[in-house]
Amino acid sequence: MYEALKAPPPDKIIQLIALFAEDPRTDKVDLGVGVYKDPDGNTPVMRAVKIAEKALWEEQSTKSYLSVLGDKSFVNGMRDLILGDAVDAARIGGAQTPGGTGAIRQLCELIQRATPDATVWHSDPTWPNHPQIINHVGLTSKTFRYYDAAAGAVSFEAMCDDLKAAAAGDVVILHGCCHNPTGANLTLEQWEAITAQCEAQGLIPLIDIAYQGFGDGLEEDAAGVRHMAASLPEVMIGASCSKNFGLYRDRVGAALVIGKDAEAGKLAEANLGSLNRLNFSFPPDHGAKVVSIILNDTELRTAWKAELEEMRLNMLSLRKGLAEALRREANSDRFDYIAVHRGMFTQLGGTVEKVKALREDHGIYMVGTGRINIAGLPADGLDKLAKAIVSVGI
Ligand code: LMR
């Protein structure tokens, strides 16, 4: 049977993890997969997570099944963290999912169930898994222009122009904050404008928010999502706790569905429950319970927020440091946009060949055409890195 299978195309991000692991060079630099690293280059379990895990171990008396929708206190905690009081909670349904990828997958299946002829629009570029999941569930994907590489900024007019071709009922994937891969984000005014366009054309946003707290701060990063949620009848949100709680391998995420009224929200939620049942039955509990403990304990929540802010500020300082190092090395301001971008990534704007040369000749690993993970930057090696980047002609 298996001989009938075709070899799947390699996922560029996953492939890079393996290439980096195999590289024997001791001075190699990993700017690939989006994983936070502290100034010592480690990805430690967050302190608040350790405390919550200890409490969980001491208090948990059973590991029997919960609901197919997961842990309600987790889902509600995520709902409040992302949406605040922007929308009447009665209109919001939600399900726990295995990571943010799980949320995107379940929401795409929900779209497939509800409106199989809908086109799902995503930015060009976007996280490579977006189009792959859309197509995998049998939906059609189309792209809209998003990034002006020469300016290092969002090409908002082009984005709005391209979306004019979307039909009523089509879905638009937006990155809630910290756009992956570019690091170029919508301003609140642009969120307002795109919300008005969605309303006028009857488009339904699916907001992928995987980096809340990594951009301008927890509240600031949710401002666009909250505006959309408060203004439109239907919004879907896929959220991840991989990054802001550092729970990568525990697979913690949530799919939220805002309906035009409470009944619509409940129906969408029931469908998420049935999709969970079909795909994996019960979502993994441990990490979600940890998040729920943190979000529902005032002291622990405060400690987690402080820790997250430490991470954010560390990335911001590395971001600014790299922009300055490149300004010195290139003797030009063409890299200044890096300091303006926010989140875990920036798009350096190379070609596949230049990125390959950086990897092979300098042991510097980045994704695709130059997406770099800011958290992977070596604080004391920025000049050396800048020299290598400029030397390959980026
Ligand atoms: C990334 O973009 O590097 C992360 O979101 C990890 C992943 O799953 O691709």
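A polar side-chain atom of K243 lies 3.2 Å from an oxygen atom of the ligand. With the ligand in place, the protein covers 79% of the 260 Å² of accessible area that this ligand has on its own. The model described here is a predicted one.

**The ligand and its surroundings**

K243 belongs to a group of residues that surround the ligand, which also includes I13, V33, G34, W127, N180, Y211 and R371. By class, the residues of this shell divide into 4 nonpolar, 2 polar and 2 charged. Besides K243, two further residues place an atom at a listed distance from a ligand oxygen atom: a backbone N or O atom in the case of G34, and a polar side-chain atom in the case of N180. The table sets out these distances.

| Residue | Atom of the residue | Distance to an oxygen atom of the ligand |
|---|---|---|
| G34 | backbone N or O atom | 2.7 Å |
| N180 | polar side-chain atom | 3.0 Å |
| K243 | polar side-chain atom | 3.2 Å |

**Position between domains**

The site of the ligand is the largest pocket. Domain 1 (2-45 + 306-391) and domain 2 (65-296) both contribute residues to the shell, and the ligand therefore lies between them.

**The enclosed cavity**

The empty space left in a structure is revealed by rolling a probe the size of a water molecule over the atoms. A search of the whole structure finds 1 cavity of 30 Å³ or more. The volume of the largest cavity is about 30 Å³. Its lining is formed by F214, G215, R312, M315, L316, R319, R342 and G343. These lining residues divide into 3 nonpolar, 2 polar and 3 charged.

Technical notes. Residues are numbered from 1 along each chain as its sequence is written. This is a predicted model: local features need pLDDT of at least 70, side-chain atom pairs count only at pLDDT 80 or more; totals for chains, interfaces and linings use all residues. Side-chain values use heavy atoms; hydrogens and water are left out. A residue is near a molecule or strand if one of its heavy atoms lies within 4 Å of it. A polar contact is a pair of N or O atoms within 3.5 Å; within protein, one must be able to donate a hydrogen and the other to accept it, and residues adjacent in sequence count only if both atoms are side-chain atoms. Accessible areas come from the Shrake-Rupley method with a 1.4 Å probe; for residues, only the protein chains shown count as cover. On a 1 Å grid over the protein atoms alone, a cavity is a set of points where a 1.4 Å probe fits but cannot get out, and a pocket is an open set with protein on both sides within 12 Å along at least five of seven lines; lining residues have an atom within 4 Å of a point. A molecule sits in a cavity or pocket if more than half of its atoms lie within 2 Å of its grid points. Ala, Val, Leu, Ile, Met, Phe, Trp, Tyr, Cys and Pro count as nonpolar, Asp, Glu, Lys and Arg as charged, and the others, Gly among them, as polar. Domain bounds come from an automatic or database domain assignment. Grid points are joined across faces, edges and corners, and a volume is the space filled by probe spheres set on the points.
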